[in-house]
Amino acid sequence: MTATPGPDRPPAARPRVRTDLDGLPLFRGGAAEPGTIGLDCNESPFAPPAAVQAALSGAARGLNRYPDNASADLTARLAERHGVPPDTLSLGPGSVGLCVQLIQIACAAGDEVVVPWRSFEVYPTVAGTAGALVRRVPLTAGHALDLPAMAAAVSDRTRLVFVCSPNNPTGTSVSRSGVERFLAEVPPDVLVVLDEAYAEFTGLEDDPLDGFGLVRDLLRQGRTNVVALRTFSKAYGLAGLRIGYCLSAPPVAELLARVAVPYAVGSLAQRGAVAALDCEREVRERCRHLTEERERVRAALLDAGWHVPVSGANFLWLPAGPAAEAFAAHCREQRILVKAFPGEGVRVTVGTATENDAFLAAAARFAPLDAGGAVRPTPLG
Ligand SMILES: Cc1ncc(COP(=O)(O)O)c(C=O)c1O
């Protein structure tokens with residue numbers, strides 16, 4: 001019989017685990033809720049292309065075997081696609097898995113990680129798992145990364161800097177020349193991570209970043225401290241498969257492999273990603289459709305008096321300030337899920353045209369909380 005805790009039983013001693021993890025925020029994520037329109041997780045609204053689904057069912061019969069730990073087929077395909085040697089590529093269980101590995105190879109307790117803020121909420125958490133200290137550098141008034149301030153925040157204890165472009169949740173992008181100026185300020189032994197989870201939705205900017213192209217160029221010049229991350233979760237619509245990839249100097253890739261969880265990238269993920277690369281035209285068409293929808297939704301919101309920064313991603317940022325939670329709650333009442341950042345704003349993912357229309361209708365029904373324009377602030381220009 002198993003012992004059950006009771007009032008007469010002394011509380012079990014706590015195992016000797018790290019107490020510095022107690023303060024780490026718990027990542028809750030957003031699970032699909034039946035009967036709602038989910039615009040809260042920056043997912044693709046489209047099911048994976050039929051050819052990807054077919055490849056996945058075909059691959060199911062081999063699931064009694066472990067996956068290829070080197071993901072050789074997929075690595076070769078990505079190397080060819082990006083014009084880089086295979087030993088510069090690492091695959092991981094989502095690009096977030098690679099963020100964890102990058103922190104593991106760069107940081108020990110007491111080291112510092114510089115992040116823009118607000119940005120992807122996982123950065124401070126993964127830094128915290130290594131006991132690293134996080135220096136948050138505020139965004140500019142225009143909701144963009146302040147690269148000069150981030151460079152100034154780098155100290156001799158800094159081991160890693162996250163540069164998120166387009167930035168989650170604000171959608172703003174940094175330019176290639178801006179990043180080059182930033183890199184000129186950062187010591188060449190500090191790892192700089194260009195997180196481009198939404199790269200495929202950009203394209204309207206002057207001087208676009210293309211971090212993969214930049215890292216490729218830097219590697220040819222012998223600069224080894226800059227890496228770029230991409231994912232199959234967003235543009236490719238494979239968030240449920242959990243697969244992302246990293247371009248880095250080979251010694252960095254080798255370290256990433258050393259800390260990787262064995263077989264972390266499953267065979268379905270590898271097979272699905274290869275099949276998705278075969279559907280490039282369809283994927284590009286979907287991205288084009290979503291970026292058009294993004295511009296349509298943004299224009300409608302601007303017309304209605306909202307302030308909405310230009311976005312290069314598959315989501316929009318509404319800096320609603322104190323009304324953020326009320327607006328998200330209002331949307332939820334209309335069965336539409338958006339992501340609130342209390343006191344700051346609301347991030348809304350671009351969905352299908354029908355979903356976007358439902359969101360716009362809900363936004364139009366939202367009564368501003370005060371006449372001073374907290375919900376619909378004066379545009380910043
Ligand atoms: C900026 C950014 N990076 C990385 C990720 C992680 O993506 P995944 O782990 O699904 O590849 C996300 C997910 O939302 C993101 O917004």
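A salt bridge here is a side-chain nitrogen of Lys or Arg within 4 Å of a carboxyl oxygen of Asp or Glu. By that rule, 2 salt bridges cross the interface of domain 1 and domain 2. In one salt bridge of the model, Lys339 pairs with Glu121, with 3.3 Å between the closest N and O atoms.

A few ground rules before going on. This is a predicted model, in which local features need pLDDT of at least 70 and side-chain atom pairs count only at pLDDT 80 or more, while totals for chains, interfaces and linings use all residues. Residues are numbered from 1 along each chain as its sequence is written, and side-chain values use heavy atoms, with hydrogens and water left out.

**The two domains**

The domain assignment splits the protein chain into domain 1 (32-46 + 281-364) and domain 2 (50-278); such bounds come from an automatic or database assignment. Taken over C-alpha atoms, the domain centres are 25 Å apart. Domain 1 brings 23 residues to the contact and domain 2 brings 22 residues, where contact means heavy atoms within 4.5 Å.

How much area is buried between domain 1 and domain 2? The value is about 1900 Å², and carbon and sulfur atoms give 58% of it. Buried area is the accessible area (1.4 Å probe) that two parts lose on being put together, summed over both. Val283, Gly312 and Trp317 supply 24% of the area that domain 1 buries against domain 2, more than any other three residues.

The interface also has 8 residue pairs in polar contact, both residues at pLDDT 80 or more. A polar contact is a pair of N or O atoms within 3.5 Å; within protein, one must be able to donate a hydrogen and the other to accept it, and residues adjacent in sequence count only if both atoms are side-chain atoms. On the side of domain 1 that touches domain 2, helix H10 (280-303), strand S9 (315-318) and strand S11 (339-341) each supply at least two residues. H10 gives the largest share of that side, 6 residues. Helices (H or I, at least four residues) and strands (E, at least two) are DSSP runs, numbered from the N terminus.

**Thr349**

Is Thr349 buried or exposed? Thr349 is buried because its relative accessible area is 3%, and buried means under 20%, exposed over 50% and partly exposed in between (1.4 Å probe, protein chains only). Thr349 sits in strand S12 (residues 345-349). Leaving out residues up to four places away in sequence, Thr349 touches several residues, among them Leu39, Asp40, Asn314 and Phe315. Asn42 is also touched, and its backbone nitrogen lies 2.8 Å from a polar atom of the Thr349 side chain.

**Backbone points to check by eye**

Two residues that are not glycine have a positive phi, as listed here.

| Residue | Phi | Loop between | Relative accessibility |
|---|---|---|---|
| Arg242 | about 65 degrees | strand S7 (226-231) and strand S8 (244-247) | 34%, partly exposed |
| Tyr263 | about 55 degrees | helix H8 (250-259) and helix H9 (267-278) | 37%, partly exposed |

There are cis peptide bonds to look at as well. One joins Trp117 and Arg118, with omega about 10 degrees; Arg118 lies in the loop between strand S3 (112-117) and helix H4 (122-129). Another joins Asn168 and Pro169, with omega about 20 degrees, and Pro169 lies in the loop between strand S5 (158-164) and helix H6 (176-185).
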